[in-house]
Amino acid sequence: MLCVYVCFTFLDTSSKFLVLAGVSALIVAWTRFTVHVLLVGLFLRGWREPARFRANNLPAHILRGCMLFGSTMFNILALKTLQLAETTSIYFFGPMVITALAGPLLGEWAGWRRWMAILTGFVGVLIITRPGVGVFGIGHLFALCSMLSNSFYVIMTRRMSATETSESLILFSALAPSVLLAPMLAFSHALPHGGVQWFVVLMLGVFGAGGHYLLVRAYRLATTTQLAPYPYSQMVWMIISGWLIFHQFPDRWTLLGAAIIVASGLYIIHREHRLRVRNSASLDTEAEALAKKL
């Protein structure tokens, strides 16, 4: 999981480097997804067992791919004006939005403690964006749209994982946006120039596919609860990368807001773990009582 978020940090850092150099955001997004598709097919050897990639619900796969594209595209646009640490801090509010949306969309309702954590995390977002004091800009709006798109992407993933294979979820999440974006490339003329920019563009897919592959491997080796806190390690890598590559260090308001969001997210993880343990213990007690009756 630590390597996963190092890969995702490289992905965001490379995207910011390219858009600041004048490369079209559409080119950056399309290349990231297309190389991802090619690498997934290569490493998972799709030609040997194509049944693993079969889509049971193709429209849902396309919609889920659009959500991932929206998250990626809005994030790339946000990186034009925001620091890496700022976009990441707002992105970390996503688990709280997912917790709130899981009630009406998945039937997984949050209790009052988790709602308090969600509201506290929102305060952290307000500290970072500071609307009304001249700080909130188009970059913050793009970052919020990226976070919301990713939240719906995660919810769709949780819903589809019961009926779709892991391989199809990995493949179609990148295949759908790469196909849908292809006709739009004719309107994008800001191509990379020079060997360095082309190399960075191609590495986008490597970082994206590598991160998702390592993510799947991690979930095969450990439980969701054990892995839940690790995404917050990305904040460290983002701060270091922003400082080394772009000579940017987040101000005290961004650091304060990020700390509040991370603390709120970790509390939600802790609370959900406690509830799972309690429910598991309750089920074990009921089973034991039934066994005694039988």
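**Entry 1: the cavity**

I began with the lining of the largest cavity, where α4 (84–91) and α11 each supply at least two residues. The model is a predicted one, and I keep that in mind throughout. Which element gives the largest share of this lining? I find that α11 does, with 3 residues.

I then listed the lining itself. Gln83, Leu84 and Ala85 are among the lining residues. Met238, Ile239 and Gly242 also line the cavity, together with Gln248 and Pro250. By class I get 5 nonpolar and 3 polar residues, with no charged residues.

How many cavities of 30 Å³ or more does the structure hold? I find 1. The volume of the largest cavity is about 30 Å³.

**Entry 2: the second largest pocket**

Next I looked up the second largest pocket. I note a volume of about 180 Å³ for this pocket. Which helices each supply at least two residues of the lining? They are α1 (2–20), α9 (195–221) and α11 (234–246).

I wrote down the lining residues in sequence order. Phe10, Thr13, Ser14 and Phe17 come at the start of the list. Phe199, Val200, Met203 and Phe207 follow, and Ser241 and Ile245 complete the lining. I sorted the lining by class: 7 residues are nonpolar, 3 are polar and none is charged.

**Entry 3: the nonpolar patch**

I turned to the surface. A nonpolar patch of about 690 Å² is made by Val236, Ile240, Trp243, Leu244, Ile245, Phe249 and Leu255. Where does the largest share of the patch come from? It comes from α11, with 5 residues.

Ile245 caught my eye, as this residue belongs to the patch and also lines the second largest pocket.

I checked Val236 separately. This residue sits in helix α11. Its relative accessible area is 44%. Partly exposed covers values between 20% and 50%, so Val236 counts as partly exposed.

**Entry 4: Leu38**

My last stop was Leu38, which I place in helix α2 (residues 25–43). Is Leu38 buried or exposed? I read a relative accessible area of 59%. The cut-off for exposed is over 50%, so Leu38 is exposed.

I also looked at Leu38 with Leu171. In sequence, 133 residues separate Leu38 from Leu171. In space, their C-alpha atoms are 9.2 Å apart.

**Recap**

I keep α11 as my thread: this helix supplies residues to the cavity lining, to the pocket lining and to the nonpolar patch.

Key. Residues are numbered from 1 along each chain as its sequence is written. This is a predicted model: local features need pLDDT of at least 70, side-chain atom pairs count only at pLDDT 80 or more; totals for chains, interfaces and linings use all residues. Side-chain values use heavy atoms; hydrogens and water are left out. On a 1 Å grid over the protein atoms alone, a cavity is a set of points where a 1.4 Å probe fits but cannot get out, and a pocket is an open set with protein on both sides within 12 Å along at least five of seven lines; lining residues have an atom within 4 Å of a point. Grid points are joined across faces, edges and corners, and a volume is the space filled by probe spheres set on the points. Helices (H or I, at least four residues) and strands (E, at least two) are DSSP runs, numbered from the N terminus. Ala, Val, Leu, Ile, Met, Phe, Trp, Tyr, Cys and Pro count as nonpolar, Asp, Glu, Lys and Arg as charged, and the others, Gly among them, as polar. Buried means under 20% relative accessible area, exposed over 50%, partly exposed in between (1.4 Å probe, protein chains only). Patches are made of residues with over 30% relative accessible area and no salt bridge: like charges are joined within 9 Å, nonpolar side chains (Val, Leu, Ile, Met, Phe, Trp, Tyr) within 5 Å. Accessible areas come from the Shrake-Rupley method with a 1.4 Å probe; for residues, only the protein chains shown count as cover. A salt bridge is a side-chain nitrogen of Lys or Arg within 4 Å of a carboxyl oxygen of Asp or Glu.
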